[in-house]
Amino acid sequence: MEQVDTVVIGAGVVGLAVARSMARAGGDVVVLEAEARFGEHLSSRNSEVIHGGLYYPPGSLKADTCLRGNALLYQYCAARGIAHRRCGKLVVAGPGQQPQLQALYDNALAAGARDLSFKSAAWLGREEPWLSGAQALHSTHSGIVDSHALMASLARDAEDAGAVLCLRHRVSAIGCESHRFTLRVTHAEGEFDLRAQTLINAAGLAAVPLVKRMQGFPRRYCPEQRFAKGNYFRLAGASPSRRLIYPLPEAHGLGVHLTVDLAGKARFGPDVQWVETPDYQVDEQRQGAFETAIRRYWPALPAAKLHPDYAGVRPKLIIDDQPHTDFLIQDSRHHGVAGLINLLGIESPGLTAALALAERITEQT
Ligand SMILES: Cc1cc2nc3c(=O)[nH]c(=O)nc-3n(C[C@H](O)[C@H](O)[C@H](O)COP(=O)(O)OP(=O)(O)OC[C@H]3O[C@@H](n4cnc5c(N)ncnc54)[C@H](O)[C@@H]3O)c2cc1C
């Protein structure tokens with residue numbers, strides 16, 4: 001049976017960043033990816049926003065890894081020539097919503113976000129005349145990134161550092177003892193077993209189901225998971241802004257926002273649609289709800305220019321019947337299985353946080 005130091009399950013942005021970081025730290029690293037290409041799931045079905053860390057509770061994993069990841073990501077993109085733009089973001093409050101905007105600002109400051117400022121209705125009228133808002137919070141460290149170019153670069157770096165990336169290799173079973181993991185791997189020609197000392201579960205939506213199937217993993221540490229699909233609609237023609245425009249956040253998402261991509265095209269989303277099983281079909285029936293949400297900040301939205309675009313699915317964790325809204329990084333201090341790290345509930349801002357998550361995981365192993 002083949003034996004390696006480290007296996008990373010999943011070649012999304014997080015698995016690739018972890019593989020790169022661990023390969024650079026020394027030791028052999030194998031990445032097992034079920035699909036024919038890397039980044040086919042969460043990492044290519046998101047808003048491609050580099051978040052500024054406004055929303056997450058101070059001291060949470062999301063807050064800390066988002067802020068650290070933001071800085072690392074800008075440095076990395078600049079060093080590797082990855083397309084990105086620090087375009088800034090406005091969170092727009094309507095009449096009567098200023099207390100919520102103030103609360104968002106207070107939270108962001110306490111969490112460590114920097115360079116935030118309030119913008120008046122008069123400023124908005126000058127800078128973004130199409131927009132309707134009583135006040136806005138401006139974040140200069142928010143931006144956009146070409147997530148495919150980012151992942152391609154991380155994969156190249158990982159391979160240059162000696163990691164082996166195996167596409168079309170699905171992990172179908174895991175036997176789990178401290179520092180001795182036996183993985184059943186299925187591929188086009190059959191299946192084989194692989195032994196690893198360290199196992200990083202970065203399987204995105206499949207991370208919780210994989211934990212549930214690990215033989216020898218204590219069941220009480222396995223959370224439940226629900227799926228919150230996010231649909232996107234694109235806008236034909238030019239974007240009304242070069243900035244990212246967000247409403248105030250809602251219960252399970254950041255609100256239907258306007259993201260401008262690197263080609264200058266605008267799209268709106270994601271909304272929140274609870275689904276039993278992940279699927280990527282945009283629900284066209286939701287166009288009316290999109291129009292209503294967008295008109296709160298863009299009353300003159302030309303609705304005929306909205307078209308269904310794509311969808312992504314967020315992994316939402318439930319622990320002891322309560323939503324667990326932070327990332328969950330489980331290592332042996334939690335579950336007692338030495339050498340095993342589970343990355344669970346890595347929803348937004350996981351793209352922004354990927355390099356910081358990789359840094360932490362490498363320090364922990
Ligand atoms: C709608 C939406 C919008 C978002 N917007 C943003 C944003 O603007 N900014 C931001 O920072 N974050 C955003 N995010 C979050 C971000 O996309 C994710 O946190 C990040 O991409 C997670 O990456 P990952 O590597 O953990 O998961 P994935 O990219 O899903 O990678 C997991 C990989 O594991 C593989 N896999 C699964 N099971 C197996 C198996 N058994 N064997 C082998 N391989 C397996 C899968 O094929 C997949 O490639 C958004 C997420 C969503 C859903």
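Start with the ligand: in this predicted model, 42 residues surround it, and those that come nearest are Gly 10, Gly 12, Asn 46, Gly 204 and Gly 350. Sorted by class, that shell has 19 nonpolar, 15 polar and 8 charged residues. Several secondary-structure elements chip in with at least two residues each, namely helix 1 (13-24), strand 10 (170-177), strand 19 (306-319) and helix 9 (350-364).

Now zoom out to see where the ligand sits in the chain as a whole. The chain is split into domain 1, made of 2-47, 149-222 and 324-364, and domain 2, made of 86-143 and 225-319. Both domains give residues to the shell around the ligand, so the ligand lies between them. Going by C-alpha atoms, the centres of domain 1 and domain 2 are 31 Å apart. As for how they touch, 13 residues of domain 1 are in contact with 15 residues of domain 2. On the domain 1 side of that contact you'll find 6 nonpolar, 5 polar and 2 charged residues.

Next, have a look at helix 5, residues 147-160. A quick sanity check on its geometry works out: at 1.5 Å a residue, its 14 residues should span 20 Å, and the end C-alpha atoms are indeed 20 Å apart. Which residues of helix 5 are buried? They are Ser 147, Leu 150, Met 151, Leu 154, Ala 155 and Ala 158. Looking down the axis of helix 5, these buried residues fall within an arc of 130°, so they line one face of the helix. The spacing fits a general rule: an α-helix has 3.6 residues a turn, so residues three or four places apart point the same way. What does the buried part of helix 5 pack against? Its partners are helix 1, strand 8 (143-145), strand 9 (164-166) and helix 9. After helix 5 comes Gly 162, with a positive phi near 105°.

Helix 9 has now turned up twice, once in the ligand shell and once as a packing partner of helix 5. One of its residues is Ala 353. Why does Ala 353 count as buried? Because it has 32 C-beta neighbours inside 10 Å, where 20 or more is enough for that label. Leaving out residues up to four places away in sequence, Ala 353 touches Thr 65, Cys 66 and Gly 69. Take Cys 66: along the chain it is 287 residues from Ala 353, yet the C-alpha atoms of the two are separated by 4.6 Å.

Terms used
Residues numbered from 1 in each chain as written. Predicted model: local features only at pLDDT ≥ 70, side-chain atom pairs only at ≥ 80, totals over all residues. Near = placed C-beta within 6 Å. Helix = DSSP H or I, 4+ residues; strand = E, 2+ residues; numbered from the N terminus. Nonpolar A, V, L, I, M, F, W, Y, C, P; charged D, E, K, R; others polar. Domains from an automatic or database assignment. Expected span 1.5 Å × (residues − 1). Buried ≥ 20, exposed ≤ 12 C-beta atoms within 10 Å, placed from the backbone. Arc of directions from axis to C-beta. Contact = placed C-beta atoms within 7 Å.
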